[in-house]
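Open the model in your viewer and keep the selection tool at hand. The tour makes three stops.

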Amino acid sequence: MPNITILALQGLTCSNCISKLTKALEALPDIQQVAVTLNYTKVTGSASVQDIIKTIEQAGYQGKVATQPDIKLQLTGLNCRNCVNKTQQTLENISGVAAAIVTIQTAQIFGTAEPTELIAAVRSAGYQATLETASNPSIRQQSATLSLSPEAAQTVSKQTESDRLEKVNIDSETIQLLINGMTCASCVNKVQKALLSIPGVQNAQVNLAERSALITGQAKHHALIQAVQKVGYNTEIFDNEMEHREKQQQLTKDIIRKFRWQAALALLIGIAVMIWGMIGNHMMLSEENQFSGLLIGLLTLIIMVLTGGHFYYNAWRSLKNGRATMDTLVALGTGAAWLYSISVNLWPDKFPFQARHLYYEASLMIIGLINLGHALEQGARQRSSNALRRLLDLTPPTALVISEKGENRVPLSQIEQGMVLRLTTGDRIPVDGELTSGEIWLDESMLTGEAIAQYRTVGEKVHAGTVVQDGTALLRVSAIGQYTTLARIIKLVRQAQSSKPTIGLLVDKIAAIFVPTVIIIALIAGTIWYFFGPSPQISYALIVTTSVLIIACPCALGLATPMSIIAGVARAAEYGALIRDAEALQQASNLDTLVFDKTGTFTLGKPEVTEIHTFNQFEQSQVLAIAGALEQGANHPLANSILAKSVGLSLPEVNQFRTLAGAGVKGEIDNKTILLGTQALMSQYSISSQQVDQLIAKQASNGITPVLLAIDNQLAALFSIRDPLRETAISALQRLHKQKYQLIMLTGDNPITANAIAKELGIDQVFAGVLPDKKATVIAQLQKSGHKVAMIGDGINDAPALARADVGIAMGSGSDIAIETAAITLINHNLHSVADAVQIAQGTLRNMKQNLFGAFIYNTLGIPIAAGLFYPFTGTLLNPVIASVAMALSSITVVSNANRLLRFKPK
């Protein structure tokens with residue numbers, strides 16, 4: 001008999017992580033079934049726990065056997081194994097439940113579902129449940145025993161899902177660091193390892209381009225700061241995104257200003273020293289210029305300390321920590337040139353006449369040019385961050401608050417939940433909330449991409465950052481600061497910009513050994529030239545060693561991927577696509593198959609009842625009231641359409657309500673058994689529907705979904721429901737076809753209706769009549785056939801398929817819970833955003849590869865040239881000053897190339 005193992009997980013952040021770990025575990029021998037969420041995995045099979053944990057660690061995550069459930073329920077009414085199995089299946093079908101261990105008396109739940117939702121599900125299965133304890137402190141404690149009426153049990157699932165959308169704490173485990181002093185990929189590795197060594201840190205994403213780190217976990221702040229300082233860098237922690245961005249902007253301005261004056265001073269003195277050497281033939285030391293050369297050497301040393309002291313200071317700190325960085329290379333190269341020159345100045349007799357060359361100007365020119373390169377690079381980096389800055393600028397600094405004292409304009413930091421604000425024409429909404437009076441036309445283009453203003457009135461929700469184009473209204477505040485939809489979007493953009501794709505891991509491995517390797521190459525090249533080079537050997541050895549040290553550029557290598565990611569993620573956000581992490585970008589660029597859910601994706605997700613056909617002498621108002629009463633307990637767009645049609649009718653009380661997954665609903669009204677659902681559901685309960693076969697076939701061929709109602713085994717009515725297609729659906733799919741994607745519809749609808757809609761849309765292949773729990777199986781079959789698959793759905797009902805796909809793309813508004821789980825979330829309902837997202841992903845990966853190719857080729861060619869490999873053919877060596885120009889240009893080229901993405905326009 002197979003074992004069931006439940007493990008607690010750490011390090012998973014999105015559906016890509018879930019998909020990656022699922023595939024890794026499924027590849028283990030003796031594994032029958034795997035279910036993975038962000039926090040848990042349930043593994044069925046005979047594989048050992050040690051093998052499972054080892055596989056999890058090899059995939060880049062952490063896992064341990066889960067011993068404490070998050071929620072424990074006391075059960076009553078169960079009396080057999082079938083009852084236990086039924087209850088377990090019911091609980092595990094709830095969104096957020098990773099696993100449930102059920103006995104006749106108790107249920108232990110592992111996951112993030114609300115206790116109220118769990119209890120309601122148990123009641124809907126025909127049993128009773130009360131909350132015993134919430135064992136895991138990460139789950140919100142509830143001490144009161146919950147007792148629900150049948151009516152509440154029918155609707156609580158819908159209510160708690162809505163509540164969860166409002167209560168998500170987006171920053172509960174996220175810490176932002178601003179780090180000063182990082183210069184190259186080696187610095188990034190050093191800081192990342194230091195942060196990951198701190199207890200409580202689950203993940204650390206260090207970004208060279210942003211000079212920042214994003215920490216996930218429960219680590220102590222002072223421990224993080226000490227860890228970064230210990231490896232030689234300064235850092236600050238910010239809880240507020242706006243404060244963090246302002247500090248970062250100010251730091252960038254200060255750094256640019258500093259690099260500019262340092263570059264100007266070093267280049268000015270360096271050029272003066274070079275002119276002095278050329279005019280009076282003072283490049284070579286002689287008795288006449290020995291004293292003046294010594295003065296120049298001391299002046300050079302002072303200027304080197306003033307303009308390049310940060311190179312030597314950082315190199316010394318790195319050395320004390322057993323590391324080597326770009327600063328180490330610059331310090332060694334310029335230091336060696338100056339030490340050689342001052343040695344020639346002080347002890348000329350120790351050097352052959354031909355070797356008495358002074359390189360003071362080289363040290364200054366190198367420092368000046370590298371500082372100039374850094375200044376230009378910082379300016380380019382700042383431009384790449386402007387997209388995120390524009391999002392932050394969408395929030396106004398003040399709001400007009402209405403209180404007993406009248407109307408007062410107060411700073412945004414003083415706004416609290418429950419306050420009432422006045423909105424007038426031209427205002428930018430500062431917070432999320434609900435309109436309590438008035439009506440307005442709202443520009444929501446920053447959230448949804450819709451250019452047309454949207455009408456909003458009492459009871460409707462509005463979001464921070466949107467603009468009142470016309471009208472006036474009162475708004476009750478529901479979310480402020482970091483809990484607004486806009487803040488969640490900004491958080492996702494920052495997370496994605498700080499993440500690394502798989503291709504970036506190669507860079508990390510190279511960066512870890514890059515600087516020590518360059519130093520070794522420089523020493524070997526210098527030694528060869530000293531022993532085997534032409535006269536004066538010591539001069540040639542110095543030139544070669546310095547040139548190799550200076551031309552090597554770990555900075556370009558370190559910036560190659562993060563700069564592309566920052567620009568690509570920011571550009572995608574401007575087109576309404578929120579990308580969860582860099583891995584999603586890389587995966588999205590390799591897709592060949594796009595699988596779409598139908599309802600809410602191709603269609604508006606707002607079905608309407610177009611016709612009602614009654615049978616067996618039932619009246620239309622009667623069947624509509626019964627169907628409406630039954631659908632109160634359901635949570636499906638088709639249910640909402642029937643509820644909308646039954647508004648104004650007196651709805652009877654429903655008992656023994658049950659949801660029949662993928663088929664319909666069942667209940668009792670006035671001791672009569674009521675069934676509402678598909679034709680297959682009628683057949684399952686032996687209810688004849690032959691009299692409507694032709695009608696169903698005709699309607700299905702026109703894209704209409706038939707829903708049948710049976711009362712006490714008699715067919716009572718047929719509801720004709722149609723969900724209108726989105727205006728952009730056909731044109732967006734035509735665009736995707738031109739991009740050579742295979743387009744597939746995956747739906748639970750009946751095949752005739754699905755094929756009719758697919759024909760209208762131009763879909764290549766249709767999988768119809770697929771139950772929600774089987775959609776992931778279809779995705780897996782496509783993947784086994786060699787396809788790279790994206791699943792596009794609503795992010796809740798399609799969660800298993802979204803997790804299984806190579807890339808999960810959730811359609812939904814900015815407040816949808818899918819924002820927290822999908823690899824890519826579209827904050828509008830425009831299918832063109834799918835085409836935009838995959839094109840931007842392709843463009844970003846292409847740009848990333850260009851940067852990496854440039855950085856690798858630059859170093860691959862530059863280092864051998866600097867080492868004198870082509871001297872036998874050219875008779876010249878690379879001047880260290882020219883090497884410093886090349887080094888500065890390499891970083892500027894990488895940053896400038898990445899910034900091209902900010903102007904990328906999908907076709």
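Begin by selecting A129, which is buried because its relative accessible area is 6%, under the 20% limit for that class. This is a predicted model. A129 lies in strand 8, residues 128–133. Add G77 to the selection: this residue is 52 residues away from A129 along the chain, and the two C-alpha atoms are separated by 9.0 Å.

Next, select strand 19, residues 467–479, together with strand 15, residues 420–423. The two strands pair in the antiparallel sense over 4 bridges. To find the register, pick V420, whose bridge partner in strand 19 is R476. Then show strand 16, residues 432–443, which also pairs with strand 19 in the antiparallel sense, here over 11 bridges. In this pairing E439 can be picked, with T472 of strand 19 as its bridge partner.

For the last stop, select helix 16, residues 537–551, and helix 27, residues 832–866. How do their axes cross? They come within 8 Å and cross at roughly 165°. The angle is over 145 degrees, so helix 16 is roughly antiparallel to helix 27. The crossing of helix 16 with helix 27 is right-handed.

Show side chains at the contact. From helix 16, pick V544, S547, V548 and I551; from helix 27, pick Y858, N859, G862, I863 and A866. Coloured by class, this contact of helix 16 with helix 27 has 6 nonpolar and 3 polar residues, and no charged ones.

Notes. Residues are numbered from 1 along each chain as its sequence is written. This is a predicted model: local features need pLDDT of at least 70, side-chain atom pairs count only at pLDDT 80 or more; totals for chains, interfaces and linings use all residues. Side-chain values use heavy atoms; hydrogens and water are left out. Two strands pair if DSSP finds at least two bridges between them. Axes are lines fitted to C-alpha atoms, for helices over the stretch in contact, and angles run from 0 to 180 degrees between N-to-C directions. Angles under 35 degrees count as roughly parallel, over 145 as roughly antiparallel, 65 to 115 as roughly perpendicular and the rest as oblique. A crossing is left-handed if the near helix is turned anticlockwise from the far one by less than a right angle, and right-handed if clockwise. Contact means heavy atoms within 4.5 Å. Ala, Val, Leu, Ile, Met, Phe, Trp, Tyr, Cys and Pro count as nonpolar, Asp, Glu, Lys and Arg as charged, and the others, Gly among them, as polar. Buried means under 20% relative accessible area, exposed over 50%, partly exposed in between (1.4 Å probe, protein chains only).
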